[in-house]
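Work through the exercises below with the sequence and the coordinates at hand. Each task is followed by a solution in steps.

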Amino acid sequence: MKCGENVMTPEFLQAFSVALDKAESYEDAKSLVTIGEGKYYSTGLDLQNVKSDRFSEVVDALQNVLARLLTFPLVTVAAISGHVFGGGVFLALVHDYRLMRSDRGWLCVPIVRLGSNQRVPAALIEVIRSQIPSPEYHQTLILGKKYTAEEAKAAGIVNKVSSLEKLKDSAVAAANRLAGDGLDRKT
């Protein structure tokens, strides 16, 4: 992902969906690795849209991408290269495997801290409930706890922690291992 902080606007999510189409079109592909740029994986939903009449549009676009990744025919691995907030956490959680950079970045769903009166759709709540063990679910969604990579791993939110230098290679190795283990949604 190359879009600065990878803020989720309807346009960003549309481009992400097009990228998924392209990845899916490669007949020999067995896996997909997503990685951010610089110090961000994704800072989540564009706050200008969250506090406007475009909220429904951006949430619908996010939910479409999440649903698509949940049923994507390739193994998916999120290489969390830095900060990941809000919608970016939801995006990472729908991947089959998650690695997080060890030396930089917070993982946080700061809904309670935003002061928004927008309701979180039930489908997004279920993503967190299904992917984050209890009691961390409460800490993550209700209290907006900020996790370091090591804390996220200890909480069961990410599978592995890696240095930035090894993050991409570790993600590709995990994707190859999972694809080799027979995790295949094409058949």
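A salt bridge is a side-chain nitrogen of Lys or Arg within 4 Å of a carboxyl oxygen of Asp or Glu. The model is predicted: local features need pLDDT of at least 70, side-chain atom pairs count only at pLDDT 80 or more, and totals for chains, interfaces and linings use all residues. Residues are numbered from 1 along each chain as its sequence is written, and side-chain values use heavy atoms, with hydrogens and water left out.

**Exercise 1.** Find which residues are linked in a network of salt bridges, and place them in the secondary structure.

Solution.
- Step 1. Searching the whole structure gives 4 salt bridges.
- Step 2. One of them joins the side chains of Asp21 and Arg68, with N to O at 2.7 Å. Asp21 belongs to helix α1 (residues 10-25) and Arg68 to helix α3 (residues 55-70), so this pair ties together parts 47 residues apart in sequence. Helices here are DSSP runs of H or I with at least four residues, strands are runs of E with at least two, and both are numbered from the N terminus.
- Step 3. Arg68 also forms a salt bridge with Glu24, where the closest N and O atoms are 2.9 Å apart. Since Arg68 is in helix α3 and Glu24 in helix α1, the pair ties together parts that are 44 residues apart in sequence.
- Step 4. The network therefore consists of Asp21, Glu24 and Arg68.

**Exercise 2.** Classify the acidic partners of Arg68, Asp21 and Glu24, as buried, partly exposed or exposed, then do so for both residues of the salt bridge between Asp103 and Arg101.

Solution.
- Step 1. Take the cut-offs: buried is under 20% relative accessible area, exposed is over 50%, and partly exposed is in between (1.4 Å probe, protein chains only).
- Step 2. Asp21, at 39%, is partly exposed. Glu24 has 34% and is also partly exposed.
- Step 3. In the Asp103 and Arg101 pair the closest N and O atoms are 2.8 Å apart. Asp103 is exposed at 54%, whereas Arg101 is buried at 8%.

**Exercise 3.** Locate His95 and list what it touches.

Solution.
- Step 1. His95 sits in the loop between α4 (87-93) and β7 (97-101).
- Step 2. Its relative accessibility is 3%, which counts as buried.
- Step 3. Contact means heavy atoms within 4.5 Å. Not counting residues up to four places away in sequence, His95 touches Thr34, Tyr41, Leu69, Thr76, Val77 and Ala78.

**Exercise 4.** Determine whether the peptide bond from Ser134 to Pro135 is cis or trans.

Solution.
- Step 1. Most peptide bonds are trans.
- Step 2. From Ser134 to Pro135, omega is near 5°, and the bond is cis.
- Step 3. Pro135 lies in the loop between α6 (122-131) and α7 (136-142).
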